[in-house]
Amino acid sequence: MGYDVAIVGGGIIGCAIARKLARYRIRQILIEKECEVGFGTSKSNSGIIHAGHHSPADTLKGPLEWAGNQLWDKLHEELDFGFERIGELMVAWDDDQLDTLQHYRDRGESRGVPGLEIWDREQVRRAEPNLNRLVKAALHAPTAGVVNPYEVCFSLIDSARNNGLELRTDSAVVAIDDSDDGLRLQTSNGTFAARFVINCAGMYADRIAQMAGVGDFSIHARKGEEYLLDKRLVGLVKRIIFPCPTATSKGVLVIPTFDGTIMVGPTANPIEARDDLTTSAGGSEQIFSQVQQTVPGISPRDCIAEFAGLRAVADGEDFIIGPTARRGFINVAGIQSPGLTAAPAIAEMVADILRQEGLTLEPNPRFTPAVPKHVIFNDLDTAAQQQQAANDPHFARICCRCELVTEGEVLAAIRAGAETLDGIKFRTRAGMGRCQGGFCTWRCMELIAQELDVPITEVTKRGGDSWILCERDGQEAAHAD
Ligand SMILES: Cc1cc2nc3c(=O)[nH]c(=O)nc-3n(C[C@H](O)[C@H](O)[C@H](O)COP(=O)(O)OP(=O)(O)OC[C@H]3O[C@@H](n4cnc5c(N)ncnc54)[C@H](O)[C@@H]3O)c2cc1C
């Protein structure tokens, strides 16, 4: 039987659209080539919910940034993910940059972004004493927030699935042709027909559009390297610190993440390969030299982990959202920054487009907005921790020492769908601390192998061929039992 809607790509955009459409009585499927959702750009970004004044008014990004920003509180209330509005400071170092601050304040105010204020040096230094004392002034935007983006993807998809979405992972769309009543998607794992196809394939959205015969745009990769710092620096800055932006980049930021770790980055370098996620000595040098001018107390020696994400940049730099010449085929492409911020507003927009294109969206009377909350052992007080451990002995065993993650939480993550080390890491934080999995990797692998009943040699870091162990010639795979 065919679907009303097939969503291609399970990043933040595909997941937000699936969750939005789960409010209606339709049959929908989300097709994702990776083994879990959120494993593309949506897990490798700065995790900022932008304040609402960063993108220009004459773009699609501009209004969607502010519209999206305002939808995050409701989403946070209903779903289970880390989010806090900590505010941001855009800092100026000289008189010329004061004009930039005013320009951004005016832009935000014309859009209705509340609370924008230009602070003088004394105000800035009082609020952020670890900033370089040469700071001239800063634009404070209290509406900016930080979020754990991978948790949002998992939470959105759990909610959509609880309300009827069918999820197909490990399934790459390889061809698109006509079906009786719409379009047929051939994937590496089966064929699916749908009246409407929503193309949210991130870095590969141009290729999916080409398969549908409407490939009139191209996507280019712009790499951003990010560096995570040791938790000893928790509290060094309380707000997100931005320099004055340039035409292609928001510049190098200092970001107090939701979990408390300080992150610095990203770079913004155009690259050819769409899958090159390497970090580089040059990138590190660039980030730390710039960031030390802003917050002199930061040193490259504090770095405990680094990663890169790829911005999917369309010709013209703006989002491409809308129906195409191929009936039923809708593009949601070129979603670079502020795509994370805008995701809930993009989902609303896509629902409107579907209505205009003829899909009836009747409310689903059984829609349940909330998802069950996961236990975060480290956040409980001692009495609650003791109670949790008494109720379930798995919570009495620590798996990740750096982040104080229990085996109970790791098992809950596997039962919620994590099949890989990264799936566990992004659901529980096991492996994200100072030792970067040196202690907990083996135990997480054992738990995956036991729960999924697979040989431990089959356990991967992030699906595909990212195995961690290999068998010696002639030796049978070890079962962890
Ligand atoms: C370094 C960096 C920092 C950023 N910081 C921020 C920020 O702080 N705030 C903000 O708002 N935005 C930020 N962004 C932008 C934001 O991360 C993106 O806009 C957003 O993640 C894009 O989501 P997406 O769902 O379009 O793409 P993705 O997350 O890449 O999802 C696309 C999905 O499609 C799947 N796919 C591809 N081809 C196929 C196929 N053939 N078949 C099936 N599935 C397929 C992929 O596997 C992937 O999972 C940042 C981006 C970068 C790179």
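**Figure 1. Salt bridges across the interface of domain 1 and domain 2.** In this predicted model, 2 salt bridges are found across the interface of domain 1 and domain 2. The side of domain 1 that touches domain 2 is a mixture by class, with 6 nonpolar, 7 polar and 4 charged residues. Polar contacts also cross this interface, and 6 residue pairs take part in them. Side chains of opposite charge can pair when their charged atoms come close.

**Figure 2. How the chain is divided, and how two of its domains meet.** Let us step back to see which stretches belong where. Domain 1 is built from residues 3–42, 149–218 and 316–356, domain 2 from 84–145 and 220–314, and domain 3 from 377–458. For the contact between domain 1 and domain 2, 17 residues come from domain 1 and 12 residues from domain 2. The C-alpha centres of these two domains are 30 Å apart. The size of an interface is often given as the accessible area lost when the parts come together. Here domain 1 and domain 2 bury about 1300 Å² between them, and 46% of that area is on carbon and sulfur atoms.

**Figure 3. Two salt bridges seen in close-up.** The structure holds 29 salt bridges, and two of them are picked out here. One joins glutamate 128 and arginine 239, whose closest N and O atoms are 2.8 Å apart. This pair links distant parts of the chain, with the two positions 111 residues apart in sequence. Glutamate 128 is in the loop between helix 4 (121–127) and strand 7 (137–141), while arginine 239 is in the loop between strand 13 (219–229) and strand 14. The other salt bridge is formed by aspartate 206 and arginine 274, with 2.7 Å between their closest N and O atoms.

**Figure 4. The surroundings of the ligand.** Which residues should you look for beside the ligand? There are 40 residues around it, and those that come nearest are Glu32, Ser42, Ile48, Ile335 and Thr341. Asparagine 45 places a polar side-chain atom 3.0 Å from an oxygen atom of the ligand. The side chain of histidine 50 has an N or O atom 3.3 Å from a nitrogen atom of the ligand. Glycine 339 takes part through its backbone, where a polar atom lies 3.4 Å from an oxygen atom of the ligand.

**Figure 5. Lysine 250 and its contacts.** Lysine 250 sits in the loop between strand 14 (240–242) and strand 15 (253–256). Beyond its neighbours within four places in sequence, lysine 250 is in contact with His50, His54, Phe242, Pro243, Pro245, Ser337 and Pro338. Proline 266 is 16 residues away from lysine 250 in sequence, and their C-alpha atoms are 8.8 Å apart in space.

**Figure 6. Two cis peptide bonds and a positive phi.** Most residues other than glycine have a negative phi, and most peptide bonds are trans. With that in mind, these spots deserve a look. Glycine 265 and proline 266 are joined by a cis peptide bond, with omega about -5 degrees. Proline 266 is in the loop between strand 16 (262–265) and strand 17 (269–271). Another cis peptide bond joins serine 337 to proline 338, with omega about 10 degrees. Proline 338 is in the loop between strand 20 (329–333) and helix 8 (339–356). Leucine 404 is a residue other than glycine with a positive phi, near 50 degrees. Its place is the loop between strand 21 (398–400) and strand 22 (405–406).

**Figure 7. Serine 466 and its polar contacts.** Where along the chain is serine 466 found? It belongs to the segment after helix 12 (441–452). The side chain of serine 466 has a polar atom 2.8 Å from the backbone nitrogen of arginine 462, and it reaches the backbone oxygen of glycine 463 at 2.7 Å. Apart from neighbours within four places in sequence, serine 466 is in contact with Thr460 and Lys461. Proline 369 is 97 residues from serine 466 in sequence and 35 Å from it in space, C-alpha to C-alpha.

Definitions and conventions
Residues are numbered from 1 along each chain as its sequence is written. This is a predicted model: local features need pLDDT of at least 70, side-chain atom pairs count only at pLDDT 80 or more; totals for chains, interfaces and linings use all residues. Side-chain values use heavy atoms; hydrogens and water are left out. Domain bounds come from an automatic or database domain assignment. Contact means heavy atoms within 4.5 Å. Buried area is the accessible area (1.4 Å probe) that two parts lose on being put together, summed over both. A salt bridge is a side-chain nitrogen of Lys or Arg within 4 Å of a carboxyl oxygen of Asp or Glu. A polar contact is a pair of N or O atoms within 3.5 Å; within protein, one must be able to donate a hydrogen and the other to accept it, and residues adjacent in sequence count only if both atoms are side-chain atoms. Ala, Val, Leu, Ile, Met, Phe, Trp, Tyr, Cys and Pro count as nonpolar, Asp, Glu, Lys and Arg as charged, and the others, Gly among them, as polar. Helices (H or I, at least four residues) and strands (E, at least two) are DSSP runs, numbered from the N terminus. A residue is near a molecule or strand if one of its heavy atoms lies within 4 Å of it.
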